[in-house]
Every structure is written in structure tokens, then in C-alpha cells.
There are 2 protein chains.
Amino acid sequence: MNGSSMNIGQAARVSGLSPKMIRYYEELGLVPKARRFVSGHRLYTSVDVQTLQVIKQARDLGFPIERIKKLLRLWQNRQRPSRRVKEVVDAHVRELEERIVRMHAMKRQLEALAQDCLGDDSPDCPILAGLQQYGRHGPEV
Amino acid sequence: MNGSSMNIGQAARVSGLSPKMIRYYEELGLVPKARRFVSGHRLYTSVDVQTLQVIKQARDLGFPIERIKKLLRLWQNRQRPSRRVKEVVDAHVRELEERIVRMHAMKRQLEALAQDCLGDDSPDCPILAGLQQYGRHGPEV
DNA sequence: GCTTGACCTTCCCACGGTGGGAAGCATTAG
DNA sequence: CTAATGCTTCCCACCGTGGGAAGGTCAAGC
């Protein structure tokens, strides 16, 4: 094994992924099927590892696998219009925003509920009352 | 079937859950095993439905099932100290906050990357460059 | 009555990602 | 040579939800 040819464990350490994830990404077609040593062990070159690092970065930025697939295709295509890249990223940013907004709304509601709860030994609790009262979904029963 | 005794479909409509979810929650022990009609169909009273509505509210506020279990136990226990309720809610609020912070950091980084991308027909793209450059995890290769 | 359609039952499978672990080779260090 | 890692493939788990098959039941219309 020379300096730029490594097995899955090494590739994992260098990329910050786990061997399990790398095999899984290969199975999904996110990375091409790895070449093998004669022993059958997967062989990674520095080029492969660079791809894995990009995947790791994208995962850390919250991209779902399918979008990373698109990003990788663009990354590897020297004729890509940067417009396409930006579209993918913008879509992801919008989804992040939506999720943030939704979670922030939850947080706000919960804080409003918790505000009036004394949090002592008494059983009276506006939080529980609120859970019963909020947002009816069907006809009253 | 009288006014306060209904089947799972009705209970679903009134609570805003789906029949599948109701069965799943029963399987998890979130709600007790439903009584049955002679036919074998599940039977729900207005009390059962109230529980389902509380669950729906809690799910909408982002509580994971296990925490809802705790909340329900407190809700049904008239001797609960409201402190316990507040603890559960506060823990959830903290987790929401953490997730919001993490997602906001992702969004910020992505916006920084996208800012300098022209988004035109040219293949030059600082986003892709950034994905390669950011955060190395192992020794350089 | 009998048929039809909507609903119920249980059962298994899928998703997205990740981890755990078993059984069987390969490699490496001592 | 042996012992410990580490690799391979395989299956199972998580969380929460949806889809759908195969079969039983209800309520309406004729």
C-alpha cells in the first residue's frame, strides 16, 4: 500500500466518515464502486478520498444524500453552469429556513406555555392545560 | 355506536392523527390497548380521544414519542409536581434550541459560500471550491 | 334478502441514515 | 506462529410514517 492507495479504514479517518457510511454511499451510487486489492479489500486513491471529503462537508452542511448526488455530478462536470450549483444550494438553504422557522415556532409556543408554570410541587400546570386546549382538529367530542 | 363511542377512523379525524399512527402509538404503549367492538374493531371513547389530541399537540410541538410518554404519565397523575412537567418541557426547548443553532450555522455557511457564486453559465463556482476546502478531518493526503 | 363500497383487522416492506454485531478471511505486529 | 486488528458480506435496530396485501365487517341501496 503506497502513499496514495489506502483501505477503507484509512479513507474513513482521512475523510471523517465511518467505513460503514462509505460502504453505504457506494451502495447508493454516491461514489463509484471502489476498486479492490487482490485480497478483496476496497482500495481508495487520493482522488476517491477527495470525493469522500466533499461528501463529508456536504453532510455536515445538512445536505441530504440525493442532493449531494447532484452536487457531486456538478462538481465532476467541468462544463457545469454555476447556476445549477447555486440552484441546488439555494433550495437547501430554503429548506433549512423552513425547518428553522417551524422549530422556532415550536420553541416560542413552548416557552409561552412554560412561562406561567411555577415549576414547584403543586400539581397545577398551565403547560398540561395548554396541551389539552390547543388546536382542535376535528369536530368537538 | 353512540355519540361518545367511535371507531379508529372517527378518532383519527377528531384527533388529527392517522389510524396508522394511532395503532402504532398503541403498540408502543403510548396509549393503552383500545377496547374492541364485538367485531374486533377498536373502540374509542371521548376520554381516549382527548388523550390522542394531547399526543397530536405534543407531536406538533416536536416532542419525541418517549417524552410524550412522560408527559402523558404526568398529565394523568393528579399528584404530579408541576416541576416535573416543566423539566420535560425545558429539556425539549433546549434540544430545539440546539438544533436551531446547528441549522442556522449551516445556513450561514451556505449563504457565505453562495454569496460569491455568480449563478450564470460559467463553470467557475466558489461553492464547489468551498466544499473541497472546508474542514479537513484527517492528515492531508 | 344480497351486493357494493367504505372501513376495519393484521402483516410485511419502504424510506433516510446510521450503528451494532456475527461469521469468515486478510493483514500486520510481536 | 499466534494474536489482534481490520476487512468482507449479511442481517437487524432505531424513529415515525406511509403503502399495500389479504381478509373480515359495517351501512347503504335495491
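**View 1. Sugar, phosphate and bases of DNA strand D beside the protein.** In this predicted model, 75% of the atoms of DNA strand D within 4 Å of the protein belong to sugar or phosphate, and the rest belong to bases. Around DNA strand D there are 18 residues, of which A:Gly9, A:Arg23, B:Lys20, B:Tyr25 and B:Ser39 come nearest; a residue counts as near a strand if one of its heavy atoms lies within 4 Å of it. These surface residues divide into six nonpolar, seven polar and five charged (Ala, Val, Leu, Ile, Met, Phe, Trp, Tyr, Cys and Pro are nonpolar, Asp, Glu, Lys and Arg charged, and the others, Gly among them, polar). Here is how to read the views: residues are numbered from 1 along each chain as its sequence is written, and chains are lettered from A and ligands numbered from 1 in the order in which they are written. Local features need pLDDT of at least 70, side-chain atom pairs count only at pLDDT 80 or more, totals for chains, interfaces and linings use all residues, and side-chain values use heavy atoms, with hydrogens and water left out.

**View 2. Phosphate contacts and helices at DNA strand D.** Look for polar contacts, meaning pairs of N or O atoms within 3.5 Å; within protein, one must be able to donate a hydrogen and the other to accept it, and residues adjacent in sequence count only if both atoms are side-chain atoms. A:Asn7 places a polar side-chain atom 3.1 Å from a phosphate oxygen of DNA strand D. On chain B, an N or O atom in the side chain of B:Ser18 is 3.2 Å from a phosphate oxygen, while B:Ile65 uses a backbone N or O atom, also at 3.2 Å. Helix 1 (8-15) of chain A and helix 2 (19-28) of chain B each supply at least two residues of this surface, and helix 2 of chain B gives the largest share, four residues. Helices (H or I, at least four residues) are DSSP runs, numbered from the N terminus.

**View 3. The protein surface at DNA strand C.** Here 18 residues surround the strand, the closest being A:Lys20, A:Tyr25, A:Ile65, B:Gly9 and B:Arg23. A backbone N or O atom of B:Gly9 lies 2.4 Å from a phosphate oxygen, and a side-chain N or O atom of A:Ser39 is 3.4 Å from a phosphate oxygen. A:Arg59 instead has a polar side-chain atom 3.2 Å from a sugar or linking oxygen. Helix 2 of chain A gives the most to this surface, with four residues.

**View 4. The axis relating chain A and chain B.** Chain B can be laid on chain A with an RMSD of 0.1 Å by a turn of 180° and a shift of 0.0 Å along the axis (least squares on the C-alpha atoms of residues with pLDDT of at least 70 in both). That is the relation of a two-fold axis. Of the residues of chain B, B:Ile100 comes closest to the axis, its C-alpha at 2.9 Å.

**View 5. The interface of chain B and chain A.** In this view, 65 residues of chain B are in contact (heavy atoms within 4.5 Å) with 65 residues of chain A. The buried area is about 5500 Å², with 69% from carbon and sulfur atoms; this is the accessible area (1.4 Å probe) that two parts lose on being put together, summed over both. The rule finds four salt bridges across the interface, each a side-chain nitrogen of Lys or Arg within 4 Å of a carboxyl oxygen of Asp or Glu. B:Lys107 forms a salt bridge with A:Glu97, the closest N and O atoms being 3.4 Å apart.
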